[in-house]
Amino acid sequence: MSKKIVIALGGNALGNTATEQLELVANTAKAIVDLIAEGNEVVIAHGNGPQVGMINLGLSTAAESGAIKADMPFPECGAMSEGYIGYHLQQAIGNELVSRGMNKPVATIVTQTVVSEDDPAFQNPTKPVGAFYDKETAERIAAEKGFTMVEDAGRGYRRVVPSPKPFDIVEAASIKTLVDAGNVVIAVGGGGIPVIRKDGMVSGTPAVIDKDFGSELLAELLDADMLIILTAVEKVAINFNKPDQKGLDDLTPAEASEYIAQNQFAKGSMLPKVQAAVKFAESKPGRTALITLLEKAKDGIAGKTGTRIHQ
């Protein structure tokens, strides 16, 4: 039975250079097209942490040296990353479809994700972005631009931005129209470009949305059957890296939430994946979230591996 599936790719799986990314997405495309070939409707979301960091660092460095007039605002850096990652993915997936004789269009939507200006995250920026600076330079930048600069693990000072929770996607209707018309759609890159909505109008805000929460929201709005969150391990585990480590197969949202309460999952790593999976599974009966490796996604859908969270 075919399913509507949203796949969340991690930004770290996309490579550290454009050349490396092109090579990696060719393999990624094969696994994605395997799912499409079985009749599934597939929508791809992705992270952008390393990529948006490179863009922000490059433009900040150029601005500091005087090579360009000003550095690029962070929302625009996010848009740039959505564009070039989407280009690589849609090209690789399109080529893989053609190689199999499948006539199916692929499109990328540069996506804006709505957050609340009242989100507590705006009062507590925690997400480091951009270049490292010495203390004197960091203090000058903070004074000139109003940035929050913090010391980062002994490596210097960096800007930190908020990471608010998303609650709407501006382009949701456009994405749904493309999916319903048979397109493979790439959207919500890096969780989407964070925007604030006032009186129906939106404007960008310097923040980073966790791509797992952005992908989960997209899956809800598209009424997807399954959310697949790809990671570097085949299954979610409790007691990770301990002698009694145990991989998890099928969980209810309540069971997964209990493990969260026990602090079984690392912040900034597995925790947001499990939290997003729980939210999706709770959103409507019959919905399943799967956390696994890309190459195991097909078997995971069949219930053979991975960690599945469902009611």
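This note goes through a predicted model of one protein chain, from its overall form to single residues.

1. Overall form. The chain holds 9 helices and 17 strands. Its radius of gyration is 20 Å, close to the 19 Å that the globule rule gives for 311 residues, so the chain is as compact as a globular protein of that length. Taken along the principal axes, the box filled by the C-alpha atoms is roughly 60 × 45 × 40 Å.

2. Interior and contacts. Of the 311 residues in the chain, 49% are buried. When contacts are counted between residues at least 6 apart in sequence, 73% of them join residues that are at least 24 apart.

3. Surface and charge. About 14400 Å² of the chain is exposed, and carbon and sulfur atoms supply 51% of that area. The side chains include 30 positive and 38 negative ones, and the centres of these two sets lie 3 Å apart.

4. The open sheet. A reader tracing the strands will find 8 of them in an open sheet with mixed pairing, in the order 3-9-2-1-12-16-17-15. Strand 3 and strand 15, the latter made of residues 250-251, stand at the edges with a single partner strand each, so one side of each is left without a neighbour in the sheet.

5. The edge at strand 15. Strand 15 runs parallel to strand 17, which covers residues 307-310, and 2 bridges join them. Within this pairing, Leu251 stands opposite Ile309 of strand 17.

6. Strand 9 and its partners. Towards the other end of the sheet order, strand 9 is listed between strand 3 and strand 2. Strand 9 is parallel to strand 2, with 3 bridges between them, and His46 has Gly189 of strand 9 as its bridge partner. Strand 3 is likewise joined to strand 9 by 3 bridges in a parallel pairing, where Ala107 is matched with Val185 of strand 9. As for burial, 6 of the 6 residues of strand 9 (residues 184-189) are buried, so this strand is largely enclosed by the rest of the structure.

7. Glu41 in strand 2. Strand 2 spans residues 41-46, and Glu41 belongs to it. With a relative accessibility of 32%, Glu41 counts as partly exposed. Apart from neighbours within four places in sequence, Glu41 is in contact with Lys3, Lys4, Ile5 and Val179. The C-alpha atoms of Glu41 and Val6 are separated by 8.5 Å, although these residues are 35 apart along the chain.

8. Lys104 in a loop. Lys104 sits in the loop that connects helix 3 (74-99) with strand 3 (106-108), and its relative accessible area of 26% makes it partly exposed. Once neighbours within four places in sequence are set aside, its contacts are Ile36, Leu97, Gly182 and Val184. Between Lys104 and Ile93, which are 11 residues apart in sequence, the C-alpha to C-alpha distance is 9.8 Å.

9. Thr113 in strand 4. Thr113 lies in strand 4, which covers residues 112-115, and at 0% relative accessibility it counts as buried. Leaving aside neighbours within four places in sequence, its contacts include Pro166, Asp168, Ile169, Val188, Ile209 and Leu217. Also among them are Gly191, Gly192, Ile193, Pro194 and Val195.

10. The hairpin of strands 10 and 11. Strand 10 (residues 193-198) pairs with strand 11 (residues 201-204) in the antiparallel sense over 4 bridges, and Lys198 stands opposite Met201. The two strands form a hairpin with 2 residues between them. One residue of the turn, Asp199, has a phi near 55°, a positive value in a residue other than glycine, and with 82% relative accessibility Asp199 counts as exposed.

11. A second positive phi. Most residues other than glycine have a negative phi. Asn239 nevertheless has a positive phi of about 55° although it is not a glycine. Asn239 is found in the loop between strand 13 (237-238) and strand 14 (246-247). Is this residue buried or exposed? Its relative accessible area is 18%, and Asn239 is therefore buried, since the cut-off for burial is under 20%.

Conventions:
Residues are numbered from 1 along each chain as its sequence is written. This is a predicted model: local features need pLDDT of at least 70, side-chain atom pairs count only at pLDDT 80 or more; totals for chains, interfaces and linings use all residues. Side-chain values use heavy atoms; hydrogens and water are left out. The radius of gyration is taken over C-alpha atoms; the globule rule is 2.2 Å times the number of residues to the power 0.38. Buried means under 20% relative accessible area, exposed over 50%, partly exposed in between (1.4 Å probe, protein chains only). Contact means heavy atoms within 4.5 Å. Accessible areas come from the Shrake-Rupley method with a 1.4 Å probe; for residues, only the protein chains shown count as cover. Lys and Arg count as positive and Asp and Glu as negative; His and the chain ends are not counted. The place of a charge is taken as NZ of Lys, CZ of Arg, CG of Asp or CD of Glu. Two strands pair if DSSP finds at least two bridges between them.
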